[in-house]
Amino acid sequence: MERVSLNEVDRWMSPAQSKRSLSNALGAEHLAVNHYILEPGESFGFGYHRHADQEELFYVLEGTATFETEEGDVTVSAEEAIRFAPGEWQLGRNETDERVVALALGAPAETGETDIRRLCPDCGERQLVRIEPTADRDALVAICEECGAETVRHS
Ligand SMILES: [Zn+2]
């Protein structure tokens, strides 16, 4: 048995104001559980993405998240949930003026290959990006696979 309190869990670098891995803190082996707090304008992930092997479910505890999906934008409010199958493209954002608090649950814990697309300012279109830590490991950057431009940086 393992037990943890959210305020004991370290915050990870991400596009969200707060991302904490409860599954990591609990030593979970087959399930990823992340707690997110999104301020207005923030998103769960670095870009529109898909995980090859992992299904992902988001349960909103507070506020309203807007998910870009293959079927258009879908809003998910408190006490609602959304599920993406492995291979489905998605990105959840906070487009409101209130904060969003949500749990993301993924299984299996390993995502498999993940494709991420972001608007590259240099290319002028959405491109595949890779996420890398900076040299001093104080932030994560999304690098355009096409031209090498840094498209965003989050600490
Ligand atoms: Zn580019």
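**Two pockets, one strand and one threonine**

The largest pocket here has a volume of about 880 Å³. Keep in mind that this is a predicted model.

Let's start with that pocket's walls. There are 38 lining residues. Trp 12, Lys 19, Asn 34, Tyr 36 and Thr 111 lie nearest the centre. Eight names to follow on screen now. Two or more lining residues come from each of β1 (18-21), α1 (22-26), β2 (32-38), β3 (48-51), β4 (55-62), β9 (100-107), β10 (114-120) and β11 (125-133). The largest share comes from β2, with four residues.

What is the lining of the largest pocket made of, by class? It divides into 18 nonpolar, 15 polar and five charged residues. And which domains does that lining draw on? Domain 1 (6-112) gives at least three residues, and so does domain 2 (115-155).

Next, the second largest pocket. Its volume is about 150 Å³. The lining has 14 residues. Nearest the centre you will find Ser 43, Gly 45, Phe 46, Leu 91 and Arg 118. Strands β10 and β13 (150-154) each supply at least two lining residues. So β10 turns up in the lining of the largest pocket and in that of the second largest.

By class, the second largest pocket is lined by five nonpolar, five polar and four charged residues. Domain 1 (6-112) and domain 2 (115-155) each contribute at least three residues to this lining.

Now to the strands. Look at β7, residues 81-84. In a regular strand the side chains alternate between the two faces of the sheet. β7 shows that alternation. Ile 82 and Phe 84 point to one face, and they are buried. Ala 81 and Arg 83 point to the other face, and they are not buried.

What does β7 pair with? Its partner here is β4, joined by four bridges. The two strands run antiparallel. Find Arg 83 in β7 again: Leu 57 stands opposite. Remember that β4 also gives two or more residues to the lining of the largest pocket.

Last stop, Thr 69. This residue sits in strand β5, residues 64-69. Is Thr 69 buried or exposed? Thr 69 counts as buried because its relative accessible area is 10%, and the cut-off for buried is under 20%. What does its side chain reach? It reaches the backbone nitrogen of Glu 71, at 2.9 Å.

Note on methods. Residues numbered from 1 in each chain as written. Predicted model: local features only at pLDDT ≥ 70, side-chain atom pairs only at ≥ 80, totals over all residues. Heavy atoms only, no water. 1 Å grid on protein atoms, 1.4 Å probe; cavity = no way out; pocket = protein on both sides within 12 Å on 5 of 7 lines; lining within 4 Å. Points joined across faces, edges and corners; volume = space filled by probe spheres on them. Nonpolar A, V, L, I, M, F, W, Y, C, P; charged D, E, K, R; others polar. Domains from an automatic or database assignment. Buried < 20%, exposed > 50% of the residue type's maximum accessible area, 1.4 Å probe, protein only. Pairing = 2+ DSSP bridges. Polar contact = N/O pair within 3.5 Å; in protein donor to acceptor, adjacent residues only side chain to side chain.
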